[in-house]
Amino acid sequence: MDVAVGYRKSHVRLPTTSLERFQTANGDSVVHYDLLTDSIFSDELSAVSSVPFASTSSQKVGYIRLTRFSRAATAGFLHAIESLEQQGAQSYIIDIRNNYGGVIQEALLTAASLLRDPHCVLCYTMNARGGFTPHDAEEYIVDSRYPGYLLSDEAKTVTLDQVRRESPEMFEADGIAWTPPSSFASLHEQVVKRGIHLVGNKHRSDTAELRQQLQAQKKIVLLINEGTASSAEVFASSLHDNGRTVSMVGTKTFGKGLIQHTFPMPDGGGLRLTVAEYLTPALHHVTNVGAARYDRSGTWVGGGIRPDVYCESKHGIPRDVGADLCVGAAMDALKEAAQKEGTSKENAIARIGGSNDGSGTRQSIKAGVVPVCIYLLRPALF
């Protein structure tokens, strides 16, 4: 048996001298950001457009890395976007590799700011008593800390204005009278009474208004790896399953979607009990359940969020963004999305990141910048 090893072409050029170093010098310990305008990426960005990159600002890419979802994560994310928008960023790479999670409310608040539909489901929680609760974007849109609808040419207030029009009784003189959904109502009842939109139920008809909304959105690629865990996985699935991402690049995430409470013990120790778990908007387990790996159809059912484009980062994330091959794979995904949306009317609505709004099997994983082995079988000699 012979093995032929090939590599998928990448447009990233590695720096050859220390003078070419390009690092994310902006932000703090939670959020790093920068505009990818260095010469290392000039060839890739020029490939997206027929106009040379140096002569246009329409293809500038904003790079934002979220190291964790702390209480300051959303504020830092908003500051990064405001700075990059002022510099003319038109598409974004959001890097949550090695993001171990943190405050789930911050992760969902950040995700809600990137979704146009206030009734889309961000995640589900299932507790030990049988309660099953959908959490939609509206829950965070009415929050006083909601930063507005981001990364779109539409106004920041467009989603909140929609909620005001649809539920004026919710907004009282002394505050917002929002009530959480029941944990024991069926999904059908939640759809009928609360108006939540399940992924894949085709509630979104192909209208001119919807096309305008989607075309106004700036393209997003998520970077994930085996160090992406907990609330970071919920953040990734909420965007991917609702069709907001162009693609997810990296490796399968850690697979921890558990809610745990710690109870103090008399001896100074603590007892940590799992009280609930998170499910993705497409009703997939984040955490590995039992020993099952594949269902009867052969679909992977293990824990973790699978990427659309495979790119390893097990040897660490380069400090130099220009030397990060997974960033290059993300640029490839942006280029591919721009080409498809330019040639196909259907792709103006659908996102590459999920099939049937995330409810179906995810897109087949493509080889990124890791070796792809092709085994050549020779006939046996007798």
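Start by selecting strand E6 (residues 121–127) and strand E7 (residues 132–136), which pair in the antiparallel sense over five bridges. Strands here are DSSP runs of at least two residues, numbered from the N terminus, and two of them pair if DSSP finds at least two bridges between them. You are looking at a predicted model, in which local features need pLDDT of at least 70, side-chain atom pairs count only at pLDDT 80 or more, and totals for chains, interfaces and linings use all residues. Residues are numbered from 1 along each chain as its sequence is written, and side-chain values use heavy atoms, with hydrogens and water left out.

Next, click Met126: its bridge partner in E7 is Phe132. The hairpin of E6 and E7 has four residues between the strands, and there Gly130 takes a positive phi near 95°.

Now add strand E13 (residues 270–279), which pairs with E6 in the antiparallel sense over four bridges. Select Tyr124 to find its bridge partner in E13, Leu279. How many of the seven residues of E6 are buried? Five are, so count those under 20% relative accessible area (1.4 Å probe, protein chains only).

Last stop: Glu138, in helix H4 (residues 138–141). Glu138 is buried yet has no salt bridge (a side-chain nitrogen of Lys or Arg within 4 Å of a carboxyl oxygen of Asp or Glu). The nearest side chain of opposite charge, Arg194, is 4.5 Å away; Lys and Arg count as positive, Asp and Glu as negative, while His and the chain ends are not counted. Show the residues that Glu138 touches (heavy atoms within 4.5 Å), among them Pro118, His119 and Val163, not counting residues up to four places away in sequence.

Definitions and conventions: Buried < 20%, exposed > 50% of the residue type's maximum accessible area, 1.4 Å probe, protein only.
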